[in-house]
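Trainee: I'd like to learn how to read a protein model feature by feature. Could you walk me through one?

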Amino acid sequence: MKDTAYDEFIERLRSQSDIVSIISDYVPLKKKGKNYWGCCPFHQEKSPSFSVTPDKGFFYCFGCHTGGNVFNFLMKIENVVFMDAAKILARRLNIPLPQKEKSAEEIAREKELAKLWQANVLARDFFHACLTKTSYGKPAREYLARRGISDEMITAFKLGFAPQAWDKLSTAFTERGIEAKVMLKAGLAVERTSGSGVFDRFRNRIIFPICDLRGRVAGFGGRVMDDSQPKYLNTPETPIFNKRNMLFGFDSAHKVIRQTGKAVVVEGYMDVITARIFGINNTVASLGTAFTVEQAKQLMRYTDEFIFAYDSDAAGQMATMRALAIVRNLGAAVKVISIPDGKDPDEFIAKHGAAAFQTLIDEAAPLLDYQVRQALQEIDYSNLEGKVAVVARVVPALAEADNAVEVNAYIARISQSLGIDESAIRSEVGKFLAQSQKDKNVKMGKTIKVVSLSKTIDSALIQAQRHIIRLIWEDDTIIPYIQAQLSVEEFQGEQHREIIKLFFDAHHLGKNLQDYTLSMTLNEAANTELSHILLIDIQNTDVSREIDDCIKTIRLAGLKHLYEQHRLKADELERMGDSRFLQELAESQRIKHEISKLHYS
C-alpha cells in the first residue's frame with residue numbers, strides 16, 4: 001500500500017465515520033447539550049461519565065480517563081491494532097481496502113504462518129475427535145467426568161486427547177499432505193534421534209488448546225492423568241506461540257474482565273475450566289508456569305485489579321509472591337485469595353461451589369495484609385531470631401506501602417504479635433527507606449546530590465497549557481506567535497509537551513492538526529489527554545488576551561522551576577565549601593529578577 005493510497009483510505013474513513021453511531025453499537029448514548037453521554041464500557045460505573053463529542057470526533061471518560069478518536073475506541077473495545085480498527089470501519093462503511101504490494105519475503109512469511117495456524121486448528125480438531133469420538137479417549141473422558149468437567153465444557157474449550165501411540169497425529173497429518181517440517185515448526189512433532197521422520201510431541205495426555213485474544217489456536221497444553229512427569233507439557237516456543245505472552249482462557253474472559261474490573265489469576269487449566277462451570281468467567285491461568293511481566297501487561301489493558309488464587313502449597317505460595325512483585329511494580333492493585341485446607345481453586349470450587357469461592361474473592365486480602373500474614377504464619381517467632389526474621393521480611397513491604405494509616409495499623413499488629421515495641425519496627429522501616437533513598441541518589445561531581453523537585457504540576461499551569469492547546473487546535477494560525485515566545489521544553493508534563501511538539505511540527509510541515517492520522521501518532525496517554533482537552537467547555541471572549549495570559553503562566557512556572565534548581569544547587573555547594581555556589585546563586589538571582597519582571601508586566 002503506497003503512502004498516498006493509505007492516507008486517502010484513512011481520510012475517507014475519517015470523513016465518513018460517525019463516531020456517535022459507531023460507539024452507539026457498543027454503548028447506549030443520550031444527548032445532553034452538544035455532547036452524548038453514556039456509561040463507560042471500559043470500567044464499571046452507574047452514573048454516565050463517558051462523553052462523545054460528534055463535531056470534534058473524540059470520546060473521553062471522566063471516570064477512568066481514557067479517550068481518543070473513533071480508531072482509538074475500536075482499538076480498545078475490540079482489542080485490535082490500528083489497521084484492524086481501520087478494517088472494521090471499512091467493512092461497516094463498505095469502503096474497499098487499498099492493496100499493498102508485498103515483497104517475496106513477506107509473502108513467504110505469511111504463507112509459513114498460515115500453515116502453522118492451519119496445522120494447530122487441524123491438531124485441535126484431531127485431539128478433540130480422539131477424546132469425544134474414539135475408544136482412545138475413553139480413559140480421558142472418565143477422568144474428566146470424575147473431575148466434574150461436563151460435555152458442554154469439553155465442547156466450549158475444545159478439549160482433546162492425545163493417544164498413547166508415538167505417531168497417531170503425525171501419520172494423520174502426513175496422510176493429509178502436511179509436511180513434517182510444518183509439524184516440527186508448530187511444535188506438534190519432535191524429530192527422531194535415530195533414523196528419519198518425526199514422532200508426536202503429545203502422547204497419552206488430555207489436551208488444552210491455548211488461544212490468542214482473537215481465538216486462534218496458538219499452541220497446546222497437555223496434562224497427564226496419573227503421577228507421571230512432567231505433569232504438564234506445553235507447546236515449545238514457535239513463531240506463533242510464546243508462553244510468556246499467553247494466558248489460558250483469556251480469549252473468552254477479556255470482555256468479562258473489563259466489565260467486572262477484576263482479573264482472577266490461577267495456575268492451571270483445570271482451575272479455569274472449573275471456575276467457568278460455576279459462572280466465574282473472569283478467570284485466566286498462567287499456563288502452569290511463572291507469571292510474567294508480559295502476561296501482566298496484557299491483563300492491564302483490561303483492568304488494574306488482580307486477584308491471585310494460586311495453589312496453597314509451598315510452591316504455589318512462592319509463585320504468588322513472585323507474581324505479586326511483578327504486578328505491584330507495574331502499578332496494579334493486588335489482592336490474594338487464601339484457599340482453606342491447602343486446596344487449589346479447582347478442588348475448592350468443586351467441593352464448596354461458586355458462592356463460597358466468590359466469598360473468597362470478595363474477601364481477598366490486600367497485598368500488604370497478605371505479606372504480613374504470610375510472614376507471621378511461616379516463621380517461628382517464639383525466639384529472638386524468629387522475631388528478627390519476621391521484621392526483616394515485612395519491613396520492605398511496609399516501606400513500599402503508600403497509605404500511612406494502613407502502615408501504622410500493621411505495625412501495631414506486628415508489634416502485638418511479636419511482643420516487641422512499635423518504635424523498633426518503625427526504626428527498621430526508617431533505616432530501609434533511608435538506604436533505599438541513598439541507593440537512588442545520583443551523585444554529581446564530588447558528593448553533590450541532584451535534588452529531585454516535586455513532579456506535581458500546579459493546577460493553574462495545567463489549565464493554561466490545556467487552554468493554549470485547545471486554542472491552537474481551533475486555530476493553528478496562532479502557532480507562530482506562540483512559538484516565538486515559548487519552546488516545547490517550557491511546557492511541563494510529558495503529555496502536554498508531546499501534544500505541543502506534534503502541533504508545532506505539523507504546522508511547520510503544513511499539515512492539518514485535525515487529521516485523524518496525526519493524533520494517532522501520539523502515545524495513548526497523550527491522545528487521551530488531547531481528547532479530554534477537546535471535551536472541556538471553554539468560552540473564548542478575548543482570544544489574544546487569553547493567549548498572552550496562558551503564555552505568561554507557562555513562562556512563570558518554568559522560571560520558578562529553574563530558580564528552585566539553581567537555588568538548591570547553590571545551597572548544596574555552599575554546604576560543601578565549594579566556591580561554585582556563587583555562580584549558582586548569581587544565576588538564581590537573575591532568574592528571580594526575570595520572575596519579578598513577568599509578574600509586573
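Mentor: Let's go through the overall picture, then a sheet, a helix pair, some salt bridges and two loop residues. Keep in mind that this is a predicted model.

Trainee: Where do I begin? How many helices and strands are there in the protein chain?

Mentor: Start with the inventory: the protein chain has 26 helices and 18 strands. For its extent, the C-alpha trace spans about 90 × 75 × 55 Å along the principal axes. Of the 601 residues, 44% are buried. Then check how the contacts are spread along the sequence: among those between residues at least 6 apart, 64% join residues at least 24 apart.

Trainee: Now a sheet, please. In what order do the strands of the open four-stranded sheet come?

Mentor: Read across the sheet, partner by partner. Here the order is E6-E9-E10-E11, and the pairing is antiparallel.

Trainee: And which strands stand at the edges?

Mentor: Those are E6 (160-162) and E11 (232-234). Each has a single partner strand, so one side of each has no neighbour in the sheet. You can also look at the twist: ignoring direction, neighbouring strands are turned by 35° against each other on average.

Trainee: How many bridges join E9 to E10?

Mentor: Six bridges connect E9 (residues 205-211) with E10 (residues 217-223), and the two run antiparallel. If you want a spot to click on, isoleucine 210 sits opposite glycine 219 of E10. Next, see what lies on the sheet: helix H11 (residues 269-277) packs there, touching E9, E10 and E11. The direction of H11 makes about 75° with that of E9.

Trainee: What do I look at when two helices pack together?

Mentor: Two things describe such a pair: the angle between the axes and the distance between them. Take H14 (residues 345-352) and H15 (residues 354-362): their axes come within 7 Å and cross at roughly 130°. That crossing makes H14 oblique to H15.

Trainee: Which residues make that contact?

Mentor: H14 contributes Pro345, Phe348, Ile349 and His352, while H15 brings Ala354, Ala356, Phe357 and Leu360. Sorted by character, the residues of this contact are seven nonpolar, one polar and no charged.

Trainee: On to charges, then. What is the idea behind a salt bridge?

Mentor: Side chains of opposite charge can pair when their charged atoms come close. In this model the count comes to 20 salt bridges. One of them pairs arginine 393 with glutamate 378, with 3.3 Å between the closest N and O atoms.

Trainee: Where do arginine 393 and glutamate 378 lie?

Mentor: Arginine 393 is in helix H17 (residues 384-400) and glutamate 378 in helix H16 (residues 367-378), so the pair ties together parts 15 residues apart in sequence. As for accessibility, arginine 393 is partly exposed at 39%, and glutamate 378 is partly exposed at 46%.

Trainee: What about a salt bridge with both residues in one helix?

Mentor: Try glutamate 474 and arginine 470, whose closest N and O atoms are 2.8 Å apart. Both lie in helix H20 (residues 459-474), four residues apart, which is about one turn of the helix. Check each end separately: glutamate 474 is partly exposed, with a relative accessible area of 42%, whereas arginine 470 counts as buried at 6%.

Trainee: And which pair links distant parts of the chain?

Mentor: Look at arginine 555 and glutamate 490, where the closest N and O atoms are 4.0 Å apart. Arginine 555 belongs to helix H25 (residues 543-575), and glutamate 490 to the loop between helix H21 (479-485) and helix H22 (494-508), 65 residues away. Both are partly exposed: arginine 555 at 30% and glutamate 490 at 24%. Salt bridges can share partners too, and here they join Arg109, Glu112 and Lys185 into one network.

Trainee: Last topic, loops. Is threonine 238 buried or exposed?

Mentor: Buried, with a relative accessible area of 11%. Threonine 238 is in the loop between E11 and helix H10 (250-260). Setting aside neighbours within four places in sequence, threonine 238 contacts Lys185, Ala186 and Gly187.

Trainee: And where is isoleucine 339 found?

Mentor: In the loop between strand E15 (333-336) and H14. Isoleucine 339 is buried as well, at 6% relative accessible area. For a sense of scale, its C-alpha atom is separated by 30 Å from that of phenylalanine 42, 297 residues apart along the chain.

Conventions. Residues numbered from 1 in each chain as written. Predicted model: local features only at pLDDT ≥ 70, side-chain atom pairs only at ≥ 80, totals over all residues. Heavy atoms only, no water. Pairing = 2+ DSSP bridges. Axes fitted to C-alpha atoms, helices over the stretch in contact; angles between N-to-C directions. Contact = heavy atoms within 4.5 Å. Parallel < 35°, antiparallel > 145°, perpendicular 65-115°, else oblique. Nonpolar A, V, L, I, M, F, W, Y, C, P; charged D, E, K, R; others polar. Salt bridge = Lys/Arg side-chain N within 4 Å of Asp/Glu carboxyl O. Buried < 20%, exposed > 50% of the residue type's maximum accessible area, 1.4 Å probe, protein only.
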